[in-house]
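Here's a quick tour for anyone opening this one up for the first time. Have a look at the structure, then read on.

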Amino acid sequence: MSVILPLLFLLTAISGSAVVLVRDPIRQVFAIAINGLVLTILFDALQAPDVALSELAVGSAAVPLLFLVALMAVRTQPPGAEP
Amino acid sequence: MSPRIRVALLALSGLILLPCAASVIAGLPAFGSKIALYGERINAITPEARHVANMVSAINFDLRGLDTLGEEFMLLAAITGTVVLLRGHRGEGITGRAMRRPGRAVIPRSEATVLACRIAGPLTCLFGLYVVLHATVTPGGGFQGGVILASGTLLIYLGEGYSGWRDAIHSHWLDALEGGGALLFALCGLVPMLTGAAFMQNILPLGTLRDLFSGGLMLVENLGVAMAVTGGFTQLFLEFMEETREAEEPDEPGEESA
């Protein structure tokens, strides 16, 4: 346990920074999903399985999907055309 | 407000708030030191008093059930707001196609995707139902299970395409699920009052500890939350997905995009 927690904190920091640093919106969505997955493992390691399950369902499935669909909707508008 | 005033305001508020935050952070118990007093108290009394093995569900649905009722209506209000904001002429018909950008190739779904979705979809829904039903025994509950069930419906979209998804998902059912779930939760609060008990008092038989049907009224409230969350999240997916569809039917006929 003494190794797992610092490792998970490091992974959280890396994946969280990746969400901010990645500039392409579609890749950013996947970065958010990975960050959600890392947070899920972290919450589970900290013995909070209920929160982990919520994070897994919302953070790495529902929210990225909504973002993906929203991006898709933005890109179906031809460039320069009024919606 | 000029930029200079904004920076001054930021510096001033930082000057006031940072020492407060620092003193609070310094006063926190050390990381992983011990279970807080409230948690210890809950762990000690809840199996005795409520016959429930999952303390989180006991807090959510019984000890602090009023808070969950508030969250329930927050969710209802948020979904209603999204629907009001996004639904124009779209979302009423169920036979529409997803919009296709001119010039973008339509890549047909591979059979492997269809097969994987047809296998994983029912399994996901089964797992969601399991999480919902075992709220008082294992981690999880109405909210988590509801989101898993809503994600399961999305596998229909991935596997069967847009029109198959619209055939399976009906907006009116989702409205009924969501409103009905919130109503069920509110009734769980009000019905005990008819018997002379307090608001949301657990009047049903509590069952035995570690049994599937333990917790009494909690199971009904949990079902209400599961219904509302499943309906609400699927409605949200539906409204966002509708944004990718044109308001009018496109002129040229074509196969739906995957």
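## Where the chains meet

Let's start at the interface: 16 residues of chain A are in contact with 17 residues of chain B (C-beta atoms, placed from the backbone, within 7 Å). On the chain B side, α6 (142–168) and α8 (217–242) each chip in with at least two residues, and α6(B) gives the largest share, 6 residues. Sorted by class, this side of chain B has 11 nonpolar, 4 polar and 2 charged residues. Here Ala, Val, Leu, Ile, Met, Phe, Trp, Tyr, Cys and Pro count as nonpolar, Asp, Glu, Lys and Arg as charged, and the others, Gly among them, as polar.

A word on the source: this is a predicted model, where local features need pLDDT of at least 70 and side-chain atom pairs count only at pLDDT 80 or more, while totals for chains, interfaces and linings use all residues. Residues are numbered from 1 along each chain as its sequence is written, with chains lettered from A and ligands numbered from 1 in the order in which they are written.

## Chain B on its own

Chain B has 8 helices and 0 strands (DSSP runs numbered from the N terminus: H or I of at least four residues for helices, E of at least two for strands).

## α6 against α8

Back to those two helices: the axes of α6(B) and α8(B) are 8 Å apart, at an angle of about 35° (axes are lines fitted to C-alpha atoms over the stretch in contact, and angles run from 0 to 180 degrees between N-to-C directions). Among the residues making this contact are Gly142(B) and Phe143(B) of α6(B), plus Asn222(B) and Phe237(B) of α8(B). The contact residues split into 11 nonpolar, 7 polar and no charged.

Key. Two residues are in contact if their C-beta atoms, placed from the backbone, lie within 7 Å.
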